[in-house]
Amino acid sequence: MNILAAAVIAAGLAGTPGAAAAAPAPTGSGPVARYLVQLDEQPLATYAGGVPGLAATKAAGGGKLNRSSSGAKAYQEHLRHQRGAVLTGVGLPADQVKVTFDTAFNGFAADLTRAQVARLRATRGVRTVYEDTRVHTTSASPTLGYLGLTGPQGVWQQQSGNVTHAGEGIIIGVIDSGFWPESASFAALPTPRPDQAVIDAKWKGICDAGTEAPITCNNKVIGARWYGTLADVFTDEYSSPRDRNGHGTHTASTAAGNYGVPATVAGQSVGEISGVAPAARLAIYKALYDTGVGSATGSTVDIVHAIDDAVADGVDVINYSVGDDRESFGAVEQAFLNAAAAGVFVAAAGGNAGPEAATIDNSTPWVTTVAASTIDRQYSRKLTLGNGRTITGVGIGAATAGPAPLVSGKASALNPTNTQDAELCVDGALDPAKVRGAIVLCLRGVTNRVDKSAAVAKAGGVGMVLYNDGVNSQDADTHSVPTVHIRDTDAPPIVAYIASGAATATISAGTLTSVEAPAVAGFSSAGPSNFNGGDLLKPDISAPGVDVAAAFSPAVGGQDFALESGTSMASPHIAGIAALLRAQHPNWSPSAIRSALMTTAVDTTDQGNPIKLGDADATAFNYGAGEVRPGDAFDPGLVYDSTEQDWRRYLCGLAEQGAQVPADGCDVTGAIAPNQLNYPSISMGNMVGTQTVTRTVTNVDTTAGDYTAEVQAPEGYSVTVTPKKLHVLPGRTATFQVEITNKKGALDTWVDGSLTWRDKSGHRVKSPLVVHNTGLIAPDEITGTGAAGAVAMNAQVGFKGNLVAQPTGLTSGTDIDTTLYGDAPIWDSRSPDNLPVPLPASIYRGTVHVPAGTVNPQVVVTGHGAHCDEIDWSADPLPPCAEFMIDVYDSTGKVVAAPYGAKEGARVALPGAGDYTLIIEQLYTLNMPPGQAANTYTITTLLPGVPGTSEGKLTVDPARRNLQPGETADLTLRWSGLTPGRLYVGVLVLGNGKDPLKTLPITVRS
């Protein structure tokens, strides 16, 4: 079991455990870890009625949740009793429950043994048990002027009257690493406040000062909480909402910091800074802790706790500049769904794993996913080489460097056998004899950028040239020596100049310069969204996220302010703008606010050119609908709205496609494909013929609108909008269809276009339209039963030519058995090298060899004893059982998969040829006599395509057929001659006669 998910007892967790009858933990239950237990019934935010005698607590149409109503209090008591019944039913001791939830999430967090987890999963009333995991930061100002917020014609003046009212009556909750209360950005607002009665009516939160370096609240930061799951891990942190990392201070002040705060970074004035919504109030939820190496991390238990508290406290907007670098559905996503259903707008960072495709994070449709872009000003430094060449890069600070020798970090290694660390300017890797008095060329990556300049300074260097090794941002960090950050394309001439011998250079002071904007930051994570199968465009929108000036924690290098970059910095801009919109349009739903932002965004630069990513044109997968333009969003004309019911239908559609998402009640709600969700963008991830989507728009203007559709069709496709004209009365809706047909769309290529609705009043309601011709639509897998049988299927093509079907297999594989004893200890499963030594009898380690030419290789592990998921937990005494999981690693030690065992075993599809390490952990045994806690496991290796392994007969008809684009072929797969009672696997490869297009795994249980 991964030690990163193993819990430590929290300090400072606020919450009352549910009533439970204390009972001893099951014998042989093993160590504990922290889990989130979600119960069946809806929390307050989404309870729509149904329990006899208890009225709905869900807010009606765009309203806010009222936790203090008599109905809400009655339903809370009902949830408490239901929670108590579950705890009593499983005999869970009360002291194992750490916190309870009932607002945006119904359940509790507890330190549980593996036996208790299994028992809870099998208990009536329990929906899901989530293992606690880690998340991390995704980390008159020129920015605000660039966005059109300042000045006589700016948003603050035109929409709020003036800056002192911008965001009045709105509370922004910031889930992050805390805040620095003494910062001028969080100073008390002048009194009396015209919105005080509004704030008092909605605010139900607290100000928890903490115990170490306590904080104080005021009428700006009206509340603060902190969560302690990781308090014992990062012991150099504050046991209070105080921010030791700086990230939370920066994001909170960006969203709603006070107006007109003079700021200095690296000794250079950056003018007066302000939050986007300076009159809004802030509520701080410290759920992340400083790691000591520049980042902050938190647990999902604390994140869910913070979301639950924020909704209960009465916030209007949540900023979540946090991620886990993966697209999945878990407790955090569930809590945010319920928060949005309660009327809370959620802005979330898209992640910093770009520019590679399919790296987007926080990609569910009830949050607004934000990419990072640049503004039209940057802090620049000039690097002048001794040969006269001048290169402009990014940097801030009044200090200069040089003329001085210019040396390469790689060539200045203290240890000649470790030039890699020296090239990265890792602390201790540079030779002072070679670096002293010189400007050092350092490669970006691995270590923090500011740590590199600190290493240069420590070795005696006087300046640093930091260069990218690919498309990435350039950042004006506060460095230990004057530093210029350059692009990857500017590095080769510098390297060549150094190689020529006796190189020198000078680094200028930083200056604020004008540049074309926006451009997409190279680090900004990109779509398409694999979670949504490419059928929901993410990110949604971009906002400034490079060198954003905001308040900071002086606990980090004594800085009161800093320039920071990341989608973490972009997200609070959207949160602040959403607060401004909510202040003017209090009845708009979170989806309506997102729509207004997206459909008024711009997808060209301030000079009318395509937005760039490095030297290439960016796409909607980089910036979503475009960069935000707040002014137009207040009067968007039409909005695309969606509700909790729509989101649940969307989840049911994902579940039908095999996604691991909740699928409760789908027989009642129905299901829709992701691209049928009423969203302000249209994405077709699997377009081979013709597809039609339906959209509904709502007129949020005060007058009727007559709109006409304008289409920019993606290259190779035709687009028809029906009807082409809409007449929409104020507050009413209109529905239309968009039919997209593949004419000659390039195979396996994403192309984009747009749909824009215009009226004579100047409204421009623009939606991005992205399309991908996969060449083939076919089932993801084929399953069958019996020693002989057949399965019918169809395949639709997006090309003109032959569809070729080639089956391989079937094989039942080879088996080996192993017997394990007792319960496995907790260990760090990120690498097989971390296994305990000597290897416990509860753990098996072996190797699986996959020869070249194997297709769809798999390994299946089956336990022969009763699995704990299938026993009757009400029996007395409980019958014996065992639970296990497997860990599979590739030859580099990287985790391939780590599934838990179930009644039918645990299966992993291996990526391809090679050698894999297989670990089987017997997690725990239950009710087995002492000394007999043993279970036998069968390891089955299935290698279709390996000569001599095929069994029986496998055919497909027809094997070849000539088709036109959009045409569908009916295929029949047949098998015979299998041995009864075995599991067989194979593959069916569908191609165009030249290239394979899709591989369909075949599974037959004979």
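Which strands and which helix do the buried residues of helix 2 pack against? In this predicted model, the partners come from several parts of the chain. The buried residues of helix 2 pack against helix 1 (70-90) and against strand 1 (32-39), strand 3 (107-113), strand 4 (126-131), strand 46 (881-889) and strand 49 (914-926). Helix 2 itself covers residues 114-121, and seven of its eight residues are buried, so the rest of the structure largely encloses it. The buried set is made up of Arg114, Ala115, Gln116, Val117, Ala118, Arg119 and Leu120.

Stepping back to the whole chain, there are 18 helices and 55 strands. The radius of gyration is 30 Å, which agrees with the value near 30 Å that a compact globule of 1006 residues would have. Along the principal axes, the C-alpha atoms fill a box of roughly 80 × 80 × 65 Å. Of the 1006 residues, 56% count as buried. The accessible surface adds up to about 36,600 Å², and carbon and sulfur atoms account for 50% of that. As for charge, the chain carries 67 positive and 92 negative charges, and the mean positions of these two sets lie 4 Å apart.

How confident is the predictor, and what is the average pLDDT of the chain? The average is 90, and 96% of the residues score at least 70. The start of the chain is another story: over residues 1-29, pLDDT stays under 50. The model still has 91 contacts beyond four places in sequence for residues 1-29.

Next comes the loop between strand 6 (171-176) and helix 5 (196-202), which is where Asp195 lies. Is Asp195 buried or exposed? Its relative accessible area is just 4%, and buried means under 20%, so Asp195 is buried. Leaving aside residues up to four places away in sequence, Asp195 touches Glu168, Gly169, Ala279 and Arg281. The loop between strand 6 and helix 5 also holds Pro192, and a cis peptide bond with omega of about 0° joins Thr191 to Pro192. A cis bond also turns up between Lys538 and Pro539, this time with omega of about 5°. Pro539 sits in the loop between strand 24 (511-514) and strand 25 (541-544).

Why pick out these bonds, and a couple of phi angles too? Most peptide bonds are trans, and most residues other than glycine have a negative phi. Val446 is not a glycine, yet its phi is positive, at about 70°. Val446 is placed in the loop between strand 20 (439-443) and helix 11 (449-458). With a relative accessibility of 78%, Val446 counts as exposed, because the cut-off for exposed is over 50%. Ala502 has a positive phi as well, near 55°, and is likewise a residue other than glycine. The place of Ala502 is the loop between helix 12 (491-499) and strand 23 (504-507), and with a relative accessible area of 78% Ala502 is exposed.

One more loop residue is Gly557, found between strand 26 (548-551) and strand 27 (561-564). Gly557 has 72% relative accessibility and so counts as exposed. How far is the C-alpha atom of Gly557 from that of Ser842? These two residues are 285 residues apart along the chain, and 48 Å separates their C-alpha atoms.

Methods
Residues numbered from 1 in each chain as written. Predicted model: local features only at pLDDT ≥ 70, side-chain atom pairs only at ≥ 80, totals over all residues. Heavy atoms only, no water. Helix = DSSP H or I, 4+ residues; strand = E, 2+ residues; numbered from the N terminus. Rg over C-alpha atoms; globule rule 2.2 N^0.38 Å. Buried < 20%, exposed > 50% of the residue type's maximum accessible area, 1.4 Å probe, protein only. Areas by Shrake-Rupley, 256 points an atom, 1.4 Å probe, with all protein chains shown as cover. Lys, Arg positive; Asp, Glu negative; His and termini not counted. Charge placed at Lys NZ, Arg CZ, Asp CG, Glu CD. pLDDT = per-residue confidence, 0-100. Contact = heavy atoms within 4.5 Å.
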